[in-house]
Amino acid sequence: IKTVLDEIRRLDNIINQFLSLAKAQKLSLVKTNINKLLDEVTNIATLEADQKNVRVKMIMDRLPEVTIDPGEMKKALLNILLNGIQAMQQGGELKVQVNQDNTQKDLTIRITDSGTGINKENLSKIFQPYFSTKEKGTGLGLAIAYRIITDHRGTIEVESELGKGTTFIISIPTE
């Protein structure tokens, strides 16, 4: 019965992720303390990181409030953080750096893991729905993160080198 219930929860999660990706979300934009939001997200990710011998390091300036949908942005950032943690099977470091660019118009979030990295041929596919290199991955987490960030008029880029890790660079307008 426990196995059946676990599988039902897993399938329910997949269906909810699919629905989140498939339907356009109406953002509930509010002025948000991004420092506090990032602290909350990294604290959640740290629970998973501790189990995988991954150290989470946060480097953050004092940042202005930004107008975002906090629930959606948490979902996007958590998907990226958990992907990074899962890429470090032998432990490692997950670094989250946040600062404002020189023009003061954009907020830049860099999430870097010391994991296995991503093959060059897969880099262009990672934001596509259903693409996953994980055995039990649905391929929806990064697609959802991409949609949420672009819905906020932001951008997301990825840099990766096999055996050295991956960096996601997220830029969100502060205005």
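A residue counts as buried when its relative accessible area is under 20%. By that rule strand 7 (residues 165–173) is mostly covered, with nine of its nine residues buried. The model described here is predicted. The points below cover the sheet that holds strand 7, two residues in other strands, and a pair of packed helices.

**The sheet**

- Five strands form an open sheet in the order 2-4-5-7-6, and their pairing is mixed.
- The edges are strand 2 (54–60) and strand 6 (155–161); each has a single partner strand, so one side of each has no neighbour in the sheet.
- From one strand to the next, the twist averages 10°.
- Helix 2 (residues 34–51) packs on this sheet and touches strand 2, strand 4 (92–100) and strand 5.
- The direction of helix 2 makes about 170° with that of strand 2.

**Strand 7 and its partners**

- In a regular strand, side chains alternate between the two faces of the sheet.
- In strand 7, Gly165, Thr167, Ile169, Ser171 and Pro173 point one way, while Thr166, Phe168, Ile170 and Ile172 point the other way.
- The residues of both sets are all buried.
- Strand 7 pairs with strand 6 in the antiparallel sense, over seven bridges.
- Two of the residues with bridge partners in strand 7 are Val158, whose partner is Phe168, and Thr155, whose partner is Ser171.
- Strands 6 and 7 form a hairpin with three residues between them.
- Gly163 lies in the turn of this hairpin and has a positive phi of about 80°.
- Strand 7 also pairs with strand 5 in the antiparallel sense, here over eight bridges.
- Phe168 of strand 7 stands opposite Ile111; Phe168 is also the bridge partner of Val158.

**Thr108 in strand 5**

- Thr108 lies in strand 5, which spans residues 106–113.
- The relative accessible area of Thr108 is 18%, and the limit for buried is under 20%, so Thr108 is buried.
- Leaving aside neighbours within four places in sequence, Thr108 is in contact with Gln97, Val98, Asn99, Ile169 and Ile170.
- Of these contacts, Ile169 and Ile170 belong to strand 7, where they point in opposite ways.

**Ile68 in strand 3**

- Ile68 is found in strand 3, residues 66–68.
- Ile68 counts as buried because its relative accessibility is 0%.
- Not counting residues up to four places away in sequence, Ile68 touches Ser28, Leu29, Val30, Thr32, Ile34, Leu37, Met73, His152 and Ile172.
- Ile68 and Ile149 are 81 residues apart along the chain, and their C-alpha atoms are separated by 9.7 Å.

**Helix 3 against helix 5**

- Two packed helices are described by the angle between their axes and the distance between the axes.
- Helix 3 (residues 70–86) and helix 5 (residues 141–151) pack at an angle of about 140°, with their axes 9 Å apart.
- This angle makes helix 3 oblique to helix 5, because only angles over 145 degrees count as roughly antiparallel.
- The crossing of helix 3 past helix 5 is left-handed.
- Helix 3 makes the contact through Glu72, Met73, Lys75, Ala76, Asn79, Ile80 and Asn83.
- Helix 5 contributes Gly141, Leu142, Ile144, Ala145, Arg147, Ile148 and Ile149.
- Sorted by class, this contact has eight nonpolar, three polar and three charged residues.
- Met73, one of the contact residues of helix 3, is also among the residues that Ile68 touches.

How values were computed: Residues are numbered from 1 along each chain as its sequence is written. This is a predicted model: local features need pLDDT of at least 70, side-chain atom pairs count only at pLDDT 80 or more; totals for chains, interfaces and linings use all residues. Side-chain values use heavy atoms; hydrogens and water are left out. Axes are lines fitted to C-alpha atoms, for helices over the stretch in contact, and angles run from 0 to 180 degrees between N-to-C directions. Helices (H or I, at least four residues) and strands (E, at least two) are DSSP runs, numbered from the N terminus. Angles under 35 degrees count as roughly parallel, over 145 as roughly antiparallel, 65 to 115 as roughly perpendicular and the rest as oblique. A crossing is left-handed if the near helix is turned anticlockwise from the far one by less than a right angle, and right-handed if clockwise. Contact means heavy atoms within 4.5 Å. Ala, Val, Leu, Ile, Met, Phe, Trp, Tyr, Cys and Pro count as nonpolar, Asp, Glu, Lys and Arg as charged, and the others, Gly among them, as polar. Buried means under 20% relative accessible area, exposed over 50%, partly exposed in between (1.4 Å probe, protein chains only). Two strands pair if DSSP finds at least two bridges between them.
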